[in-house]
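Hi,

Here is the structure I promised to pass on. Have a look at it first, and then read my notes below.

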Amino acid sequence: LRPQFSDNYDVSVEYYFEPVGVLSAGVFEKKLTDFIASETRLIETGTGNGFDGDYAGFDLITTRNFGAATIKGYELNYNQQLRKLPGLFKGLAVFANYTRISTNGTYANGTAELVRFIPETANLNLSWRYRALGARVRTNHHGSYINSFSAATPARNQYRYARTVTDLGFTWQLRPNTQLFWDIANVTNEPQAFYRFIPSQMERTI
């Protein structure tokens with residue numbers, strides 16, 4: 001593999017709240033050369049398949065340099081500790097962000113999607129603390145994206161379905177050096193799922 005290079009351009013504006021908080025927005029562009037991505041291809045039959053005729057029909061998964069690529073997008077961010085709220089509520093804090101990107105790249109068959117570049121992501125995190133008690137709710141969302149690429153057969157491109165996961169957490173500070181915690185990951189039991197080329201062709205679900 002050759003090294004991957006990137007020229008990055010970023011512009012952002014930020015507004016700060018009292019006592020603690022920030023609201024920001026930014027746009028960015030990245031120009032990649034020799035970008036590195038995963039590729040999947042079907043091993044053909046015959047002695048010239050690169051394996052002396054063996055492994056015909058198997059998937060070969062490898063990583064290699066592709067051509068040039070451009071990534072453009074924007075991001076929004078909000079983060080604030082709500083200390084001005086009364087009583088129990090002044091221990092609340094909120095964090096949220098959203099990112100949207102579009103990609104364009106050069107593959108052997110002209111495909112424009114870039115492997116493992118997620119077009120849409122969002123996060124929301126609410127936390128609360130009062131004396132020795134603490135709690136948080138964290139939600140992450142990602143849109144559907146291409147996970148592996150087949151130059152010879154685009155219909156074998158593997159995609160990952162969109163997914164939203166929510167985690168819960170609770171803490172109890174017994175002493176300055178002792179804390180009990182209880183975490184519940186993926187409370188709605190959202191699966192990791194993949195499909196080939198079109199969403200109706202589910203490949204596997206975890």
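Start with N189, which sits in the loop between β12 (178-184) and β13 (193-196). Keep in mind as you look around that this is a predicted model. What is the phi of N189 near? The answer is 55 degrees, a positive value in a residue other than glycine. That deserves a second look, because most residues other than glycine have a negative phi. Is N189 buried or exposed? With a relative accessibility of 62%, N189 counts as exposed, because the cut-off for that is over 50%.

Now go on to F197, found in the loop between β13 and β14 (202-205). Here phi is near 70 degrees, again a positive value in a residue that isn't glycine. As for its surroundings, F197 has a relative accessible area of 42% and is partly exposed. The reason is that 42% falls between the cut-offs of 20% for buried and 50% for exposed.

Next, the strands. Which way do β5 and β6 run? Strand β5 (residues 69-81) and strand β6 (residues 92-105) run antiparallel, and 13 bridges join them. If you want a spot to zoom in on, find Q80, which stands opposite V94 in β6.

β6 also pairs with strand β7 (residues 120-130), in the antiparallel sense and over nine bridges. For this pairing, try T99: the residue opposite T99 is T121 in β7.

That's it from me. Have fun clicking through it!

Cheers

Key: Residues are numbered from 1 along each chain as its sequence is written. This is a predicted model: local features need pLDDT of at least 70, side-chain atom pairs count only at pLDDT 80 or more; totals for chains, interfaces and linings use all residues. Side-chain values use heavy atoms; hydrogens and water are left out. Helices (H or I, at least four residues) and strands (E, at least two) are DSSP runs, numbered from the N terminus. Buried means under 20% relative accessible area, exposed over 50%, partly exposed in between (1.4 Å probe, protein chains only). Two strands pair if DSSP finds at least two bridges between them.
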